[in-house]
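Got the model open in your viewer? Switch to a cartoon view and keep the selection box handy.

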Amino acid sequence: MRVEGERVLLWLVLFAHLCSGLANDAFSYDYTASLECLENPHKPQYGGGIILNPELNHGLKGWYAFGGAEIEKRASGGNNFIVAHTRKQMNDSIAQKLYLQKDKLYTFSGWIQVSSGITSVSAVFKTNSGHEYGGAVTAESGCWSMLKGGLTVYSPGPVELYFEVFMFLNPVVSRHNHSIVIASRLFSRRSLGESEDKSVEIWVDSISLQPFTQEQWTSHQDQSIEKNRKRRVRLQATDAHGNPIAGAKMSIKQNKPHFPFGSAISKHILNNPAYQKWFTSRFTVTVFENELKWYSTEPSPGKEDYSVPDAMLQFAKQNGLAVRGHNILWDNGNDQPYWVPSLSNSDLRAAVKRRIESVVRRYSGQFIGWDVVNENLHFSFFEGKLGAEATGAAFQMTRRLDRRTTLFMNEYDTIEKSGKGSASPDKYLQKLKEIQYFLKGGRNLGIGLEGHFRTPNIPYMRSAIDKLAASNFPIWITELDVDPTQPMYLEQVLREAHAHPAIKGIVMWAAWKPEGCFRMCLTDNNFKNTPTGDVVDKLLQEWIRADHPFAGTADANGVFETSLFHGDYEVTISHPSLINSSLIHSFKVAASSTDHISPETGLLVNVSLTK
């Protein structure tokens with residue numbers, strides 16, 4: 001583009017946005033969590049919130065015995081804590097009465113120790129209508145472990161906070177002295193098991209329950225998005241002599257977002273232009289719903305057919321879609337090829353080896369992640385037949401064949417369910433540690449959280465991700481869906497996931513098929529949005545604005561400043577001094593950790609236009 005008699009320089013400066021936080025620290029959210037078992041607990045988050053006497057500095061004030069337990073205050077190394085002993089039932093413990101307010105979101109934390117063994121301890125809130133689990137932790141003797149959880153209150157009223165204990169039958173993992181110790185024989189989750197323990201003492205300290213309004217919770221999300229998903233952008237137009245061009249019109253459009261957001265697809269997309277158009281206009285990442293699974297690619301022993309996933313991968317590449325590899329093995333015995341369950345153990349071991357070598361060699365380096373042994377905290381088909389080392393061996397073989405791709409565990413009910421389930425954050429991380437042991441390190445491991453929600457417990461979801469994030473493994477939401485009659489649940493979960501600083505990508509489980517979707521469809525059979533599809537489009541407009549470029553006018557210094565999501569952009573500059581009326585320039589907005597530009601210096605892009 002030429003300008004009469006002079007050059008025009010467009011200066012584009014990107015500055016990392018440094019969030020100053022909310023004015024009142026009491027309203028900000030603490031994303032920290034500890035995985036270490038410590039000699040002394042940390043101070044209570046939020047000063048204890050609404051908990052009375054959270055550090056036990058005032059004797060037993062506010063606390064009483066729950067059930068048949070006896071309680072006392074003890075001290076060690078200058079640290080005070082409360083102990084429930086002489087227990088006879090799993091819920092004999094300490095308790096405190098609280099009053100919870102309607103429509104508040106509560107985040108809970110506390111530090112737990114037990115007198116012997118390795119024990120699962122849950123925080124429970126007894127209401128007038130039942131019990132709500134606030135979270136669980138794997139506690140052990142000799143050190144303090146952090147329990148972090150939360151709950152949403154829909155009906156106001158009094159509650160009793162107490163603790164519930166289950167004992168691991170064969171404890172094998174300890175975090176004492178800040179390290180992981182794994183016994184010479186690895187036990188699977190099934191061999192661990194749990195039982196009610198009626199004698200172990202429960203020690204509790206640094207308890208906190210902090211309420212937030214919905215407005216405050218939303219402000220946490222906004223603050224996190226500004227810090228982790230966006231950057232401040234400063235565009236400055238000057239002439240060749242460095243003089244600002246005041247009044248320049250700037251229209252900014254995002255061409256591609258950097259945050260991976262997408263959905264599963266089915267083979268029906270291959271020959272359906274309407275499906276293709278609907279999907280590719282919205283998403284940047286996908287996963288094949290069933291087409292890559294073992295029962296699809298080897299329906300009969302030795303007769304492999306990859307033609308469908310090959311075609312789906314080609315479609316994805318042609319449309320710039322990243323693909324997750326789902327899955328190599330599935331630990332549910334009901335989801336094997338029909339011929340697999342009847343194999344002898346030795347034949348099964350050989351078949352598993354052939355399966356891994358076949359699928360991983362074929363697609364090595366072409367996926368952004370592999371779900372290696374799907375849902376093996378819930379099921380035990382392979383470990384039950386091949387031994388406790390079967391999962392680690394599968395990861396080991398996959399890494400050997402594809403060293404570049406992230407290898408994921410993939411589980412449900414880790415963030416969806418706050419009770420003492422088989423896939424709690426602590427149990428998830430314990431399994432990852434076992435896999436690390438086999439791999440001799442954690443390189444290229446990832447955390448896959450399916451996200452099949454019933455009624456979302458958003459505070460628990462956030463706290464569970466906090467706990468998992470402390471491991472420093474990348475975290476993806478991999479199979480998100482909700483009750484399709486409750487589209488507001490989808491919006492709640494998507495907003496929370498997108499805002500959490502530890503989440504690296506989101507994939508929904510909404511592959512379209514003529515006969516219907518697994519659970520949640522985003523379109524009908526004419527590719528008109530369902531209510532959940534409308535939620536997706538609403539959020540895409542907030543996060544991308546691809547269909548609606550937004551405009552601004554340079555000030556007297558030739559500057560227009562805004563905040564943009566990470567992504568690829570183009571800006572159209574118009575001013576009467578431009579002979580052909582406008583200039584179009586492309587630029588990228590990346591996280592500072594990605595572009596290695598400090599917040600102080602920013603990223604400078606010059607566009608020179610000559611006569």
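How many bridges pair strand 19 with strand 20, and in which sense? Before you select them, two notes on the ground rules. This is a predicted model, in which local features need pLDDT of at least 70, side-chain atom pairs count only at pLDDT 80 or more, and totals for chains, interfaces and linings use all residues. Residues are numbered from 1 along each chain as its sequence is written, and side-chain values use heavy atoms, with hydrogens and water left out.

**Stop 1: the barrel**

Select 322-330 for strand 19, then add strand 20: the two pair in the parallel sense over five bridges. Strands here are DSSP runs of E with at least two residues, helices are runs of H or I with at least four, and both are numbered from the N terminus; two strands pair if DSSP finds at least two bridges between them. Show W330 as sticks and you'll find N374 of strand 20 opposite.

Now colour strand 20, residues 369-374. Six of its six residues are buried, so the strand is largely enclosed by the rest of the structure. Buried means under 20% relative accessible area, using a 1.4 Å probe and protein chains only.

Widen the selection to the whole barrel: eight strands close up in the order 17-18-19-20-21-22-23-24, with parallel pairing. Neighbouring strands of this sheet are turned by 30° against each other on average, direction ignored. Those angles come from lines fitted to C-alpha atoms, for helices over the stretch in contact, and run from 0 to 180 degrees between N-to-C directions.

Strand 17 pairs with strand 24 (503-508) in the parallel sense through three bridges. Pick F261 there and look across to I506 in strand 24. Next, add helix 6, residues 345-363: this helix packs on the sheet and touches strand 19 and strand 20. Its direction makes about 175° with that of strand 19, and a contact is heavy atoms within 4.5 Å.

**Stop 2: a cavity**

Select Y275, W278, A510, W512 and L522. Among the 13 residues lining the second largest cavity, these lie nearest its centre. Its volume is about 60 Å³, where a volume is the space filled by probe spheres set on grid points joined across faces, edges and corners. On a 1 Å grid over the protein atoms alone, a cavity is a set of points where a 1.4 Å probe fits but cannot get out, and lining residues have an atom within 4 Å of a point.

Helix 3 gives the most to this lining, with three residues. The lining of the second largest cavity splits into eleven nonpolar residues, two polar and no charged. In that scheme Ala, Val, Leu, Ile, Met, Phe, Trp, Tyr, Cys and Pro are nonpolar, Asp, Glu, Lys and Arg are charged, and the others, Gly among them, are polar.

**Stop 3: the open sheet**

Jump to the strands ordered 25-16-27-28, four of them in an open antiparallel sheet. Strand 25 (550-553) and strand 28 (582-589) are the edges, each with a single partner strand, so one side of each has no neighbour in the sheet. Neighbouring strands of this sheet are turned by 25° against each other on average, direction ignored.

Select 567-574 for strand 27, which runs antiparallel to strand 28 and is joined to it by eight bridges. For a landmark, click T572 and find I584 of strand 28 opposite.

**Last look: the whole chain**

Zoom out to take in 13 helices and 29 strands. Of the chain's 611 residues, 56% count as buried.

How values were computed: On a 1 Å grid over the protein atoms alone, a cavity is a set of points where a 1.4 Å probe fits but cannot get out, and a pocket is an open set with protein on both sides within 12 Å along at least five of seven lines; lining residues have an atom within 4 Å of a point. Buried means under 20% relative accessible area, exposed over 50%, partly exposed in between (1.4 Å probe, protein chains only).
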